[in-house]
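Biologist: I have this model open on my bench computer and would like a close look at one part of the backbone. Could you start there and then walk me through the related places?

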Amino acid sequence: MIKKLINIAVISFLCTAAYAQNAEIEYDINLMYYNHGDSVSLLWIPSGYDNFRKGVEKGYVVERRAKGAVQWQQQTSALFPISNEAFDRLGQTIEEAAVMQELIYMNDKNAGIVPKDENPTPTSDSYQELTDDGEGDSEEQMMFNFGLITALTNVQIAKASAFFYTDKSVEKGAQYEYRIVLGDGKQADKSQIESVNMTELTKLPKPTDFRGDFGKKDVLFQWSVADLSDIYAAYRLERSLDGKNFVQVNTKPIIYSYSEEEFENTVVFKDVLVDRKTVHHYRMSGYSPFGIYGPPSDVVKGKGTPDFDVQIIIDTIAINNKNEALIRWSVKPADTKLIKGFLIDKARTPEDEFHAVTKNLLPVKDRNYKDKSTMRTSYYRVHAIGYNEGEVVTSFPYFAFQQDSVPPAPPVGLRGTIDSLGVVTLQWDANKEDDILAYRVFASNDNKPDSYLSVSDTLLPNPIYTDTLPLNTLTNEIYYKVVAVDLSYNHSKMSEAVLLMKPDTIPPVKSIILKISQPADNMVIVWENSSSTDAAKLILLRQVSDTGRITIVKEWHGLPKNTTYSDTHHFSGEQVRYFLQTYDKSGNMSEDVSFWQTAKGSLPPCIKHLRATPKHDKATIELQWERGNCEIEKIHIYRQVNNEKTLLLTTINGAQRTFEDKKVKSGETYKYILRAVSERDSPAVYSEEIKY
């Protein structure tokens with residue numbers, strides 16, 4: 001913001017055509033002049049902080065020559081800023097002088113040839129901090145920019161900073177050239193030259209674009225600086241309550257600055273009115289950097305606008321049998337001098353956009369109006385319009401509705417789903433009536449007319465409904481119906497029902513194995529069917545020994561009427577058990593398992609004389625056996641530890657006669673069974689059990 005203010009309000013001002021003829025050239029010292037007729041005032045500004053420090057150190061010399069001459073004549077010796085003590089005294093009356101004082105006397109090493117008794121060593125904690133933290137250059141430049149503003153907006157600060165000189169040794173009708181050079185005379189060609197014709201006096205223009213917008217308690221001023229920024233560095237606003245005696249409003253210079261492009265050439269300033277009844281007169285004038293105010297603008301006058309303190313109340317709205325709405329309202333206070341007229345608008349709901357009922361202002365004496373184009377339901381408002389811009393008072397919305405006893409049609413298109421978590425989503429087609437307010441949803445487990453209960457907690461504004469059902473129930477069917485409700489709270493008949501099926505997560509009741517017997521070679525299983533009505537499949541499975549895999553014996557679709565089955569598997573004296581699995585329509589399963597049953601029958605042994613011998617201090621058990629008359633392809637060795645589940649320990653080649661179990665622990669009991677497979681895909685034959 002500071003940089004923008006400096007760039008716009010100061011730098012552009014220094015390099016403009018009114019005071020600088022060669023704005024495109026970058027000078028070390030920029031020069032401006034004011035021709036009084038009998039004298040010429042000069043004001044200069046170093047361009048940049050470095051050139052400013054040179055001026056503080058070496059001083060400035062004013063040089064002049066006649067127009068067309070070659071030699072320059074010194075008009076002054078080197079001019080230096082006033083002393084630090086003098087700045088202290090100046091700061092007592094002009095507080096902005098402290099900015100230039102701090103800028104000039106930052107550090108004694110920059111004081112240069114200024115006499116010591118005039119410039120005691122200044123102390124500046126802020127300057128020391130800036131130089132220590134490595135950010136001195138930017139901070140010094142920022143302070144320098146502030147200093148420029150103070151010098152351009154206060155001629156006393158400009159003089160104290162050695163930026164100002166008045167040449168009184170001029171002759172009328174003469175033409176001169178001026179420049180400002182540093183005290184050492186070096187780089188004089190980098191100083192701007194200004195030509196002055198003494199017959200052409202400097203004239204300050206009158207502002208022509210000065211506007212004021214009077215509010216209730218304040219006034220907002222705007223004026224364009226498009227044609228003034230080359231001339232004035234600041235502005236002054238004056239106020240008068242009698243139109244004759246003006247006093248300055250602003251205590252500080254009004255400096256042109258902007259932060260948005262729309263105000264690029266516009267100054268905005270606000271003043272608080274003394275009161276709201278008195279006519280205020282305002283004028284504005286520009287401030288030249290030479291300490292001279294230009295002619296004031298034309299006077300802008302006005303006064304604060306009174307409060308539009310009225311209240312509008314709609315008393316009644318009656319709708320007749322022709323569906324015409326008669327609107328009646330009252331005004332408080334009854335005095336209507338502030339009201340210009342009335343407007344009426346309406347909307348279907350208070351949240352909708354309101355549309356005008358009256359195109360033109362109703363007379364201020366009116367207190368009723370008939371709307372002949374009513375809707376089923378409407379919210380009306382009455383607006384009181386004042387004489388000043390923005391003066392509007394609006395009544396609260398008033399609800400009105402036509403008499404309606406006709407219910408809407410039942411909703412159609414009802415459809416829905418239930419997901420695996422029991423979340424119900426219902427949708428239906430929106431009713432086509434224009435006065436539909438909402439919908440209600442009803443549910444039933446058996447679709448009987450008197451069993452439907454409301455399940456929607458509130459009226460549903462849209463044709464969609466969601467619910468969550470418990471799934472751990474024995475009823476899987478649920479029916480839904482929907483009712484439409486209009487703005488008069490007439491309810492439609494119920495829609496057609498939609499049937500939804502809950503996801504079934506409950507397994508069916510078990511089918512129970514009652515008895516297992518082996519009257520001859522076959523094993524006979526007797527059971528009792530499941531009582532579940534949704535039982536869809538029954539499977540009988542068999543396991544021979546706890547080492548054998550479980551295989552399907554028989555599968556029924558639905559529950560069989562005959563609950564006895566004869567298993568024709570060829571048994572050879574093994575332990576056998578059966579599983580009875582019942583499945584419902586959703587795939588849920590329940591299972592009953594029989595006890596182990598010893599089967600009748602025998603096969604020629606493939607492995608004989610199985611024995612177990614401990615070895616190596618009982619850390620290993622060696623198994624030994626003899627072969628029978630079988631052609632053994634491979635042998636499965638099963639082991640049971642401490643009466644736990646029998647597990648497959650390893651599989652070896654059928655030609656082997658011994659095996660060492662090296663995973664033995666002291667103090668534990670072991671049982672071994674060998675299962676010989678005589679040929680591929682043939683039934684396996686088990687050895688006798690051996691324990692150790």
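Which residue takes a positive phi just after helix 2?

Modeller: Happy to. Please keep in mind that this is a predicted model. The residue you are after is Gly59, which comes just after helix 2 and has a positive phi of about 80 degrees. Helix 2 itself covers residues 49–58, and its buried residues are Tyr49, Asn51, Phe52, Arg53, Gly55 and Val56.

From there, let us turn to positive phi values in residues other than glycine. Gln187 has a positive phi, near 55 degrees, and is not a glycine. You will find Gln187 in the loop that runs between strand 6 (175–182) and strand 7 (194–197). The relative accessibility of Gln187 is 46%, so this residue counts as partly exposed. Asn642 is another non-glycine residue with a positive phi, of about 55 degrees. Asn642 counts as partly exposed because its relative accessibility is 34%.

Asn642 is worth a longer stop, as its surroundings can be followed strand by strand. The loop that holds Asn642 lies between strand 40 (634–641) and strand 41 (647–653). These two strands form a hairpin with five residues between them, and Asn642 is in the turn. Strand 40 and strand 41 pair in the antiparallel sense, over six bridges. Within that pairing, Arg639 stands opposite Leu647 of strand 41.

Strand 40 also pairs with strand 43 (residues 670–677), again in the antiparallel sense and here over eight bridges. In this pairing Ile635 stands opposite Ala676 of strand 43. Strand 40 is mostly covered, with seven of its eight residues buried. As general background, side chains in a regular strand alternate between the two faces of the sheet.

Arg639 now leads us on to Asp661. Asp661 belongs to strand 42 (residues 658–661). With a relative accessibility of 2%, Asp661 is under the 20% cut-off and therefore counts as buried. The side chain of Asp661 makes a polar contact of 2.8 Å with the side chain of Arg639. A polar contact of 2.6 Å also joins the side chains of Asp661 and Tyr672. If you set aside neighbours within four places in sequence, the residues in contact with Asp661 are Ala619, Thr620, Ile621, Arg639, Leu649 and Tyr672.

Back to the backbone for one more local feature: Lys332 and Pro333 are joined by a cis peptide bond, with omega about -5 degrees. Pro333 sits in the loop between strand 16 (325–332) and strand 17 (339–347).

Finally, here is a sheet you can trace on screen. This open sheet has three strands in the order 30-31-34, with antiparallel pairing. Strand 30 (512–517) and strand 34 (564–567) stand at the edges with a single partner strand each, so one side of each has no neighbour in the sheet. From one strand to the next, the twist averages 20 degrees. Strand 31 (residues 523–528) and strand 34 run antiparallel and are joined by four bridges. To find that pairing, look for Val526, which stands opposite Thr564 in strand 34.

Definitions and conventions
Residues numbered from 1 in each chain as written. Predicted model: local features only at pLDDT ≥ 70, side-chain atom pairs only at ≥ 80, totals over all residues. Heavy atoms only, no water. Buried < 20%, exposed > 50% of the residue type's maximum accessible area, 1.4 Å probe, protein only. Pairing = 2+ DSSP bridges. Axes fitted to C-alpha atoms, helices over the stretch in contact; angles between N-to-C directions. Polar contact = N/O pair within 3.5 Å; in protein donor to acceptor, adjacent residues only side chain to side chain. Contact = heavy atoms within 4.5 Å.
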